[in-house]
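User: Hi! I am new to protein structures, and I would like to learn how the words we use for them are justified. Could you take me through this one?

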Protein chains: 2
Amino acid sequence: MAGRTSSPGASVTSRALALLGAFDETHRRLSLTELAERAALPVPTAHRLVAELVDWGALSRADDGRYVVGRRVWDLGLLAPVQTGLRQLASPYLHDLYGATLATVHLAVRDELEVLYVDRLAGHASVPVVSQVGSRLPIHATGVGKVLLAHAPQDVQARVLGARLARLTAYTVTQPGSLRRQLARVLRDDYATTTEEMSLGACSVAVPVRRDQEVVAALGIVLPRLGKDRPRLVAALQVAARGIGRTLSEHPAGDAAR
Amino acid sequence: MAGRTSSPGASVTSRALALLGAFDETHRRLSLTELAERAALPVPTAHRLVAELVDWGALSRADDGRYVVGRRVWDLGLLAPVQTGLRQLASPYLHDLYGATLATVHLAVRDELEVLYVDRLAGHASVPVVSQVGSRLPIHATGVGKVLLAHAPQDVQARVLGARLARLTAYTVTQPGSLRRQLARVLRDDYATTTEEMSLGACSVAVPVRRDQEVVAALGIVLPRLGKDRPRLVAALQVAARGIGRTLSEHPAGDAAR
DNA sequence: GCGTCGGCTTCCGTTGAGTGGAAGGGTGGG
DNA sequence: CCCACCCTTCCACTCAACGGAAGCCGACGC
């Protein structure tokens, strides 16, 4: 390979992937110099590798010279099991729920100690929420998060409860004991709720989505307040969740929740 | 580099990308040998490169030893402008439309001579359609396709009309003269319709989405039949389309329709 | 239970793809 | 007009990458 390299042993593939990895939610458009910095590469090296990524369609160069993630990565991302399995199969159920409630509807999975939002439906009438597809939010402060945490392995629960529970609003549950009791109730009632714990003006209800007894996702909705609609909402969510679980069982190839 | 190579001059990056490019809609799970074949690489070479892609999260190995597109590509795909620009900004409008009609709602852009479905909303009550997010369908047989074709550059229209127009149902418009006249009417009426031209039992209406006078996408819905609801549907679609166009104009960084 | 086959994994001598500092061009701002 | 920064190109040097061969492993047929 090269006579001199700033990072001996690094492969070409890892460098190219480092360039792709330079993009994130807060860095969607990057100049060449920014890319090089974020990927820890010299500018000429970044320049060569970026040109190849652009040729293939992994990156795209905008008119202002900056780079963005290319259409081909979007296409490829749609082939990932989280999309073709869980998200796609669940979509009609989520739309049924949305059509019936016009509330924000969430489908989420656990991603280590966080909640990953796999899908989110919302119109203009829905409660504004901070989540969007691909977001990772704290697991202790959302309805779907509490469901996923309640059904997580003991070591995951220990790590979440043993860490500092971030206070996001005055109503966030930050005492481990309180959260533990809530999780026990989630297991008993088979649904979770939040009341302005993630953001003010947003309350939520969520239920587990099971495939063959295993909780693989959580389905939830967000409303300004729960009130006396709670039993009806829980019932609607559970019907949709069972439908999703059944559909997932009928499509074994789509190992959706991993 | 290596003392011997089956494809001299091919870069490491291009080989790694060839492996990613081995996946498509009909090849979502591939064995190592299949990956090597489809990427035109020797198996040991594929083995090494695939291991790196797995390490980074671009690919994932399932329990049965086969590979799928990894979560990190899904994450990255969500950063592409087609997602963060057009799709995300349009989503609330699409959900409003869905909530009002419970019909299948489509958002699409032109991708060369085809329609690319950027978003699709459907519940169980909606008409089953063949499209899904990321699908490319023929531009002459769908409502959104006719809108995009009517507003396409002359050379694009010439290439579509000069090629054989595939007959998908008995009602598909396959005569270039007929399609030309329909496109003229689309420009005049500012909406397009289809009647069981793409699949039986599915009729559609679609309107252009404009950002600063430029047609950047098409918005459509699919129903079992149009009937006397057509004017109301067109009006609802146009309101949503104008809302999307306005929102796109307010977010210049998201060059969504490219 | 054994043998065969196919897929996968590991090895390693050879070599050319890849390296990045230097230099130069272009653009925007002061 | 000058300066600073970003981007692009060059090229001597070298080590990362190459893939056939060999071996391992699991499934399948007899």
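**Strands and their partners**

Analyst: Gladly! In chain A, eight of the nine residues of strand β7 (residues 203-211) are buried, so this strand is largely enclosed by the rest of the structure. Buried means under 20% relative accessible area, exposed over 50%, and partly exposed in between, with a 1.4 Å probe and protein chains only. This is a predicted model: local features need pLDDT of at least 70, side-chain atom pairs count only at pLDDT 80 or more, and totals for chains, interfaces and linings use all residues. Residues are numbered from 1 along each chain as its sequence is written, chains are lettered from A and ligands numbered from 1 in the order in which they are written, and side-chain values use heavy atoms, without hydrogens and water.

User: What makes β6 (residues 192-195) and β7 of chain A a pair?

Analyst: Two strands (DSSP runs of E, at least two residues, numbered from the N terminus) pair if DSSP finds at least two bridges between them. Four bridges join β6(A) to β7(A), and the two run antiparallel, so they meet the definition. One partnership is Thr195(A) with Cys203(A).

User: How do you know that β7(A) also pairs with β8 (residues 214-223) of chain A?

Analyst: Nine bridges link them, in the antiparallel sense. Ser204(A), for instance, is partnered by Val222(A) in β8(A). The two strands form a hairpin with two residues between them.

User: In chain B, why is one side of β5 (136-138) and of β6 (192-195) left without a neighbour in the sheet?

Analyst: The open sheet has six strands in the order β5-β4-β3-β8-β7-β6 (chain B), paired antiparallel. β5(B) and β6(B) stand at the edges, each with a single partner strand, so one side of each has no neighbour in the sheet.
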